[in-house]
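User: Please go through the structure shown below and explain the grounds for the terms applied to it.

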Amino acid sequence: MTEFGLRLAISLTQIAAVMGVVVVTVLILTLAERKVLGWMQDRMGPMEVGPYGILQPLADAIKLFFKEDIIPAGANKFLFTVAPILCLIPAFIGFAVIPWGPNQTFEVNGITVRPFVISDINIGILYILAFASLGAYGIILGGWASNSKYSLLGGLRSAAQIISYELNVGLSIVGVLILAGSLSLVKITDAQAGGFWNWYLFALPAPQIFAFVVYVISSVAETNRVPFDLPEAESELVAGFFTEYSGLRFAFFFLAEYANMVLVSCVAAALFLGGWNAPYPGTIMALIGVPSLAWVENTMWFAVKTYSFLFLFFWLRATLPRLRYDQLMRFGWKVMLPIALGNIVVTSLAVFFYQQMK
Amino acid sequence: MASTATTKRLNLYEWFKTITFYEILVGMKATLSHLLNYRPVTLQYPHEKRTLPDNYRGMLALLRYDDGTEKCVGCDLCEAACPSRVIRVVSAEVPGEPTKRYSKEYYMDMTRCLFCGMCVDACPVDALGMTREFEWAVYDKRQLHLNKQQLLAIGDRSFPVREKRLELQHPNVAFFNVAFKHVPPKPN
């Protein structure tokens, strides 16, 4: 019983820590996005709350907490209530299999603890893809239950878009899975250790550069970000699927979108950019004689990779206008899908002949 | 043959541009250069205010002479000049001086004012002025229906330097605020 209690306590601590990191990252992102967009457009971004506006996320959070929670007349109350939660949970649940730092363990009272991953399940990436697809239900149900034409159109667009691009995300990842021979994110990251030439973006025998480009574009589309923000196109559909939402429910959708961004960035970092591995062999900490602190450096590298990917999201948002709907679909099915499929063929052949040569 | 070769080369070039996302990268370079050379054009309004131009037309005000008497002679020309019917003047005789008139009541409905300055131009005695005030947002729009006292108060706080009251040639003649060279000065 005490062992079970200890395991539970350790797991809950890990979950709380990861959730805390993710929520803080989302808070930072909401500010960082407005700031970076502002700077790119010769503006200042939020400047009023706190010095240089750094307390703006807190002000936004307080505002959203105290806003009136409106359920529109004619809405399906149950689905309207459930949709934001259905959207939020899949966005957060994927972080369970992300390895944040080196694959090391320590013992507490005979229980082995892996501090940097909540659970290393052997189908990690499949689990993330499955829950990312479930998130679409929240959007579709929210759009349908609102009893509003804008919400309904936003939800339908989102359904079509997420289904189309989910496929490309899945197929672009397959190349990496062939190279690593595993679906576990921990194993995939471990296989990329020892310098940036071992990252699957550059690794021989089959550099996954095309797969990476397909993944980046598809993940932008999957998280409904500019230039693929058709489900919430504000010039056509007031705010798309969350037009009728207000207060905390709106905050849930907002949080889910940003958590999805973070998740997609983490997956990109883990699959293509070597995860927590530094771009040079080993770590500086081990070199200067404190190998017990190597995890600090590795976690820093993971954060750097994730945040640069998130910066790319803002950068694209500041640069590109929204695509038309037929362009989005044509691009997804006629360009991204053949590239991803071709990448699988090329990678398989390369890996096959590479193993034959060895 | 040469032409097909050039078109093929161009097509290859275009194709290369397409697969490397050349146009998008050009756009991203532009946004990044703005981020790196960060020079915001924003003015943090309540904290810093732009300098107004010299001929700025702000809130209207009624003015006084240096001895504290009102300039307005109640001629109604401002009311006639106003394109949005902002002004309403109730003119009356000055008590005890039947030939002189003044504005007994003077109302301005600033909700309609478009700040064209025509009333100021129309005024023969320069009794109206445009101040440089512009922060007149209120919660109740009735607060923008100004009466004579309020307009005089605005003038008092915005125009501390007042015009000197001219000596009139004859008390029975209404004079506008102009110097008549052919009229001999009044023996004082």
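The exchange below takes up one helix, its chain and the contact between the chains.

User: What makes L151(B), I154(B) and G155(B) the buried residues of helix α5 of chain B?

Analyst: The model is predicted. A residue is called buried if 20 or more other C-beta atoms lie within 10 Å of its own. In helix α5 (residues 148-158) of chain B, L151(B), I154(B) and G155(B) are buried, so each of them reaches that count.

User: Why are these residues said to lie on the same side of α5(B)?

Analyst: The buried residues cover an arc of only 95° around the axis, and therefore they are placed on the same side of α5(B). Exposed residues on the other side are Q149(B) and R157(B); exposed means that 12 or fewer other C-beta atoms lie within the 10 Å limit.

User: What covers the buried residues of α5(B)?

Analyst: The cover includes β1 (60-62), β3 (97-109), β4 (128-130) and β5 (145-146) of chain B. Chain B has five helices and five strands, in the order α-α-β-α-β-β-α-β-β-α from the N terminus. Of its 188 residues, 14% count as buried.

User: Which residues does the contact between chains A and B take, by number and class?

Analyst: Eleven residues come from chain A and 13 residues from chain B. On the side of chain A that touches chain B, α1 (2-40) and α10 (294-319) each supply at least two residues. That side has eight nonpolar, one polar and two charged residues.

Definitions and conventions. Residues are numbered from 1 along each chain as its sequence is written. Chains are lettered from A and ligands numbered from 1 in the order in which they are written. This is a predicted model: local features need pLDDT of at least 70, side-chain atom pairs count only at pLDDT 80 or more; totals for chains, interfaces and linings use all residues. Two residues are in contact if their C-beta atoms, placed from the backbone, lie within 7 Å. Helices (H or I, at least four residues) and strands (E, at least two) are DSSP runs, numbered from the N terminus. Ala, Val, Leu, Ile, Met, Phe, Trp, Tyr, Cys and Pro count as nonpolar, Asp, Glu, Lys and Arg as charged, and the others, Gly among them, as polar. The arc is that of the directions from the helix axis to the C-beta atoms.
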